[in-house]
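Let's take a walk through a protein structure together. Keep the 3D view open and turn it as you read.

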Amino acid sequence: MTGKRKTKYMQGGGVACYVRDTIPHRVLHAPQITTINETESLLLELGRGRRKLLVGAVYRRPGGFYLSEFFDAYYSLCHRPYDGVIIAGDFNVDLLSDDYETVHFRRLVMEASLEFVPFGATHHGATFDTAIDSIIVDALDRVTRSVKSLTPYTAAHDSLMIEYRLVDPLPIGDIGFYRDKRGIAVPEFELSLRSALDCVCVIWRTLMIWRSMRTARAPWFTPALRERCKMRDGLYQRYKRTRDPDLLLRRFRQLRQELKRESRTAREAYLLNGLRSCSTEEGRWSYLRRMGISAPQLPSPLTFFAPEELLDHYCAVTTVHQGCSADVLSGIIAMDAQDDLPVFNFRNVTEVEVLSALARVAGRVGTGSGDGLSLAYFSDTLAVLAPVLAFIINVMISSGKYPQLWKKSYIRPLSKVRAPSSPGQTRPVSNLPHLAKVCDRLLTAQITEHLESHSLLSPMQSGFSRRI
């Protein structure tokens, strides 16, 4: 092309991306513009290895070609494992309208599994406001903050900015503490537990052993592999000094390939051994989460909101049925019942039944409990708890009074998204006391046995029934 033609046709908005020089980056897409109606675009890859971000800048002149070609270029790159996608620019498509260009643009963004960051009007004239400037991301829940300038910035356009949260890396060297139940001296603990139960005062917490824990990023990476990594790095440093491609560089590349294979083999062997040591399905998923293989647990809402704010929200959206008055309850009791119906009464539970229920509950309980007790630490001493718990449940049956402590629950908030922006993006989970679960399991078994033995359940009922 001649210089005159370039001057004539190369009139556009121009696109650019400013990247800090310490961040690795490379240009993936920067098409040569030959006509003024073509879309100017730029796509960059930030980062290296498995931690990469795809960033784009776009300018489309008013009345220019549709954006199909740009999205074709995006499709050719989006299959790569990027941690996030951010595309910003002046698309000259008014998102506040519903004309053909807007509908087509929104369909392109939706089909690419992308989302608009909501800003409202971004371009202002004397008699109009439009939303022709946009920032498009792969997931809105990663946008922790979005800011629009209070006044137009340049050429009546607002300045737009977002804060985008990348996926958190695996913890390196985090120090924490945990209660190691494997360090319990079972005989001494059992004697102390028997003595404590005699006076109905459990002092089990003093018998646990606290240990320091440092998480390792790659526990399968043995000292031998680390030594070989040092040898590999040393070869590369010598190559940089001598520039000997025939010997040092070839040996470095060969050793690098060998280390990749050995590290992959060591990792697979470590994970398989860990999975074989897990006896339950829950344990296997827990192990995979700890190793960072399955989806990581979302951060706690308490990181973003105060407990009082979450409590007020849950109380406002929770529907509570009004309690039954004494008169209504007396009327229900006085109602005539069918004489041919079998009478049901709770019977006393046995120590064997309590021990079986304790074992089943202890193998499935989580960490939270309304009574502050975790049965996971009593797995070797359940036989000591069974007689005492059987006595408490039988007294409850004979007196008709349910323990007040077992009526409480431990409310734990959970996030629905990675970074909740409002309490509505969280949900509460109620964890019942573990001993209450044991009691409820035993009482439910008696009620179910009575209903099934006398054929009192509807033949149409399929849920909450053991029948097939």
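What follows goes from a pocket to some aromatic rings and then to two unusual backbone spots. Keep in mind that this is a predicted model.

Let's begin with empty space. Rolling a probe the size of a water molecule over the atoms shows where such space is left. Here, the second largest pocket holds about 1200 Å³ of it. Which residues lie nearest the centre of that pocket? Look for A16, A88, G89, I135 and L160, which are part of a lining of 34 residues. Several strands help to build this lining: β3 (51-59), β4, β8 (133-137) and β10 (160-164) each supply at least two residues. The largest share belongs to β3, with six residues. If you sort the lining by class, you get 22 nonpolar, eight polar and four charged residues.

Now for the rings. The structure has eight aromatic pairs. In one of them, the ring centres of F91 and F105 are 5.0 Å apart and the planes meet at 35°, so this pair counts as tilted. The pair joins distant parts of the chain, since F91 is in the loop between β4 and α3 while F105 is in helix α3, 14 residues apart. Are these two rings buried or exposed? F91 has a relative accessible area of 0%, so it is buried, and F105 is buried as well because its value is 2%, with buried meaning under 20%.

Compare that with F344 and F346. Their ring centres are 5.0 Å apart, but the planes are at 75°, so the pair is edge-to-face. F344 is partly exposed at 29% relative accessibility, and F346 is partly exposed at 37%.

Back to F91 and F105 for a moment: ring pairs link them with F116 into a cluster. F116 has another partner too, as R106 lies over the face of its ring, at 5.5 Å from the ring centre.

Last stop: the backbone. N92 has a positive phi of about 50° although it is not a glycine. You'll find N92 in the loop between β4 (84-90) and α3 (100-111). With a relative accessible area of 15%, N92 is buried.

S455 also isn't a glycine, yet has a positive phi, of about 55°. Look for S455 in the segment after α12 (434-453). Its relative accessible area is 63%, so S455 counts as exposed, because exposed means over 50%.

Note on methods: Residues numbered from 1 in each chain as written. Predicted model: local features only at pLDDT ≥ 70, side-chain atom pairs only at ≥ 80, totals over all residues. Heavy atoms only, no water. Helix = DSSP H or I, 4+ residues; strand = E, 2+ residues; numbered from the N terminus. Buried < 20%, exposed > 50% of the residue type's maximum accessible area, 1.4 Å probe, protein only. 1 Å grid on protein atoms, 1.4 Å probe; cavity = no way out; pocket = protein on both sides within 12 Å on 5 of 7 lines; lining within 4 Å. Points joined across faces, edges and corners; volume = space filled by probe spheres on them. Nonpolar A, V, L, I, M, F, W, Y, C, P; charged D, E, K, R; others polar. Phe/Tyr/Trp six-rings, centres within 6.5 Å; stacked < 30°, edge-to-face > 60°. Lys NZ or Arg CZ within 6 Å of the ring centre and 35° of its normal.
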